[in-house]
Amino acid sequence: MHAAKEKTAKSSDEIWELRLYVAGQTPKSLAAFANLKKICTEYLDGKYRIDVIDLLENPQLGRGDQILAIPTLVRNLPEPIKKIIGDLSNTEKVLVGLDIRPRSNP
Amino acid sequence: MKRAFKKLTKRQLGNGASRSRAPRHEQLEKAPTGIQGLDEITFGGLPKGRPTLICGSAGCGKTLMGVEFLVRGAMEYGEPGVLMAFEETEAELAKNVASLGYDLYDLIEKKKLIIDYVHVERSEIEEAGEYDLEGLFIRLGLAIDSIGAKRVVLDTIEAIFSGFPNANILRAELRRLFRWLKTKGVTAVITGERGEGALTRHGLEEYVSDCVILLDHRVNDQMSTRRLRVVKYRGSLHGTNEYPFLIDEEGISVLPVTSLGLDHKISFERVSSGVQRLDAMLGGGYYRGSTILVSGTAGTGKSSMAGHFAEAACRAGERCLYVASEESPDQIMRNMHSIGIDLAGWVKKGLLKFDAERPNIYGLEMHLLRIHKLISQYQPPAVVLDPITNYLAVGDQLEVKSMLIRLIDFLKSKGITAVFTSLTHGGDAMEGTVIGVSSLIDTWLLLRDIESNGERNRGLYVIKSRGMAHSNQIREFLLTSKGAQLLDVYLGAEGVLTGSARVAQEAKETAAAILRQQEIERRQRELDRKRAALDAQIAALRASYEVESQELEMGLAEERLREEKLAADRLDMARIRRADDENGRWKSKNNRKQS
């Protein structure tokens, strides 16, 4: 499941670089990945890339992004860096957190 | 197993604490902190393999204690450590503790220490659903495993409460974290910020219940004092009081003063007071290890007595620590020089060490701690505190007394002879000390002014001196260019005579003595004369007797001659008369023939 890459060709110049930190295939991790994929497909229209990093396998990678909570989704691009923690089950919050939907708009 | 242990704990803490102060190592393994004094209070250190909470308000030294625990562990006990810092970066920490002589980078290079700076930025984080802190666990686990760490410090883990909004998850995760740390077998120190009405802001004490140490930084009358208290320590005895601690260039030192008992060894050895006649008054000097108080009003020569004592110690080849709280060392040395005591020479030889500081600089505890430290470093058999009354500037009488009790206990436990000077004011009762420490003192000398004939003269009394026969007399105390001298005072109908009155009395006595001498001589002469007269008389009598006896003898001889002549004459007469004798016979043929 890690290093999975999803790409859908669509007319835009900006690619969303997303990184999902997990620790083993826990129910929360699996749910987070499923939720993320769903949101990306629905809202990002193929202009995204997801890196899944399993800290159980590469524990040293957690340090760079200051990962404490699992699962954590990090938006590397577009800047600024954003972090969303949790299993991403709350779609509204994910959209707001990723700046896909403005905060003020319900 | 755990329940059994808890029971034991309760019993231990319930009745054991006061009965026995001996550490019982077998019941709980401990990780020594290496922090001066803390290991004494905790009887060996922090619980090994368990988490300990160090809490306190901002700036009380939590982080430093954590860092020192790690650094000493790595350097002195061969236990590598991990510092997970939530508030300061590696560079900041290294810089902060460099002033204490710790080189964190060196330890990091030698793989004895890992500093992991964890940064939690609330504004970057959005919460969307369920999560846990597995990332933190993994990260910490990685750090621990990479150097085989035995010690972990989490400073200050409560920072994550500001980073993550869901307190419920955090609490559950913290509980899991501390359990996990136990299973890892690391001795952990968790620092926590002091909260309102609770030990920590987020109630960490609920989770870390093996050992809780509270640090405090109090300011009383503009004096700040740091204190430490072991709030709880499961399965172990511990000192329960508040102990002052100090952060200086050598890190933290805690003063476990009140743990001292009254079981110090005593000595019969005497040490000189530096004043010969005083030694004689005390029957040989002060006892080694005793505490001497020299009290008196201003200018009575208290410091001089202290100076004498210091000099005598140095002269005997012993080190002496002179804690001055009123005058600078130079001033003391100059003043002592004027009465013939050369302290500067001993300072140069390294036998005398001055420590001069205004009491107002620190709180009492800090003074105590500093003296404690100085003594531990310098190991002097003699200590002078001049004067103790100045400490009243930073504490009330009760506090100063308690400080002095602790100091005296400490000095006695080390067998150190100490001279304290105490200033009494004119209006005070002479035989009371401002601080009320007299009962703690072994030998108490009182210097006082004796006013008479428009003069003030110094008098010295030995008010008490435990365990030795001492003179009960007042001595006049003179400060001369050759040091302090004690003189007998005159006691008479007019009371104690000192100064010029004493001199006058001395002259009077000298005159009287001369008169008496003259009288004796005169009588002697008279006797001699009488004897001579008598002898002459005897000689004259004897001479007249001789004459008389000669005359008598001559008379006698004449008489005898005359008698003989008469007898002869009678015979002749008889012959002539042919007389017979009374018997009618012829006297003799011879007679006839003759005739």
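This is a short dialogue on reading a predicted model with chains A and B.

Visitor: Where do I start with two chains? How many residues of chain A are in contact with chain B?

Guide: The size of an interface is often given as the accessible area lost when the parts come together. Here we count residues in contact instead. Chain A has 30 residues in contact with 21 residues of chain B. On the chain A side, β4 (82-85) and α2 (91-97) each supply at least two residues. By class, that side of chain A holds 16 nonpolar, eight polar and six charged residues.

Visitor: Which strand of chain B is joined to β4(A)?

Guide: Look at β6 of chain B, residues 125-127. Three bridges join β4(A) to β6(B), and the two strands run parallel. Find A:I84, then look across: B:E126 of β6(B) stands opposite.

Visitor: Now a helix. Is α3(B) enclosed or not, and why?

Guide: Count its buried residues. In α3(B), 13 of the 15 residues are buried, so the helix is largely enclosed by the rest of the structure. The helix covers residues 62-76 of chain B. From first C-alpha to last, α3(B) reaches 20 Å, close to the 21 Å expected. Just after α3(B), B:G78 takes a positive phi of about 60°.

Visitor: What about the nonpolar core? Which residues touch the most other members?

Guide: In soluble globular proteins, nonpolar side chains tend to be buried together. The largest nonpolar core here has 161 residues, and B:A310, B:C320 and B:V384 touch the most other members. Domain 1 and domain 2 of chain B each give this core at least three residues. Leaving aside neighbours within four places in sequence, the contacts of B:V384 include B:A310, B:C320 and B:V419.

How values were computed:
Residues numbered from 1 in each chain as written. Chains lettered and ligands numbered in written order. Predicted model: local features only at pLDDT ≥ 70, side-chain atom pairs only at ≥ 80, totals over all residues. Contact = placed C-beta atoms within 7 Å. Helix = DSSP H or I, 4+ residues; strand = E, 2+ residues; numbered from the N terminus. Nonpolar A, V, L, I, M, F, W, Y, C, P; charged D, E, K, R; others polar. Pairing = 2+ DSSP bridges. Expected span 1.5 Å × (residues − 1). Buried ≥ 20, exposed ≤ 12 C-beta atoms within 10 Å, placed from the backbone. Core = buried A, V, L, I, M, F, W, Y, C linked by C-beta atoms within 7 Å. Domains from an automatic or database assignment.
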